[in-house]
Amino acid sequence: VQLQASGGGSVLAGGSLRLSCAASGNIYNLNSMGWFRQAPGQQRELVARTSSADRSTYADSVKDRFTISRDNAKNTVTLQMNNLKPEDTAVYYCNVVYLLRDYWGQGTQVTVSS
């Protein structure tokens, strides 16, 4: 499984960004698809993920601001981030689980300035 992430960048607080991730390879019926993030000096943490049954889980810190969605036909997952805050600044990583294995995309930087 190969993951290609896009999006990210720099934005002022209150702004929006959209992250997308496409999975490719000889894959069928991906399990969990989601996003994690890691700020400098911090551990990687879950931001949001969605199951194959389209059930979504969010970190408390992003609820009501971020929305995750997936397109099973295209094997893509998107994270819409609204009302961004400086504390959302981090490297964001796409993650998928397939056949009980974790796969990670390259990180993409999100920087929110006040």
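**Close-up 1. An open sheet of four strands.** In this predicted model, four strands make up an open sheet, ordered β1-β3-β8-β7, with antiparallel pairing. β1 (2-7) and β7 (66-71) are the edge strands, and each pairs on one side only. From one strand to the next, the twist averages 15 degrees. Strands of a sheet pair through backbone hydrogen bonds, either parallel or antiparallel.

**Close-up 2. The pairing of β7 with β8.** Strand β8 covers residues 76-81. Six bridges join β8 to β7, and the two strands run antiparallel. One residue pair to find here is I68 and L79: L79, in β8, is the bridge partner of I68.

**Close-up 3. S32 in the loop between β3 and β4.** The loop that holds S32 lies between β3 (17-24) and β4 (33-38). S32 counts as buried because its relative accessibility is 16%, and buried means under 20%. Setting aside neighbours within four places in sequence, S32 is in contact with R49, T50 and S51. R70 is also in contact with S32, as are N95, V96 and V97.

**Close-up 4. T57 in strand β6.** Strand β6 spans residues 56-58 and includes T57. T57 has 39% relative accessibility, so this residue counts as partly exposed. Not counting residues up to four places away in sequence, T57 touches L46, V47, A48 and R49.

**Close-up 5. The spacing of T57 and T67.** T57 and T67 are 10 residues apart along the chain. Their C-alpha atoms are separated by 9.8 Å. T57 belongs to β6 (residues 56-58).

How values were computed: Residues numbered from 1 in each chain as written. Predicted model: local features only at pLDDT ≥ 70, side-chain atom pairs only at ≥ 80, totals over all residues. Heavy atoms only, no water. Buried < 20%, exposed > 50% of the residue type's maximum accessible area, 1.4 Å probe, protein only. Contact = heavy atoms within 4.5 Å. Pairing = 2+ DSSP bridges. Axes fitted to C-alpha atoms, helices over the stretch in contact; angles between N-to-C directions.
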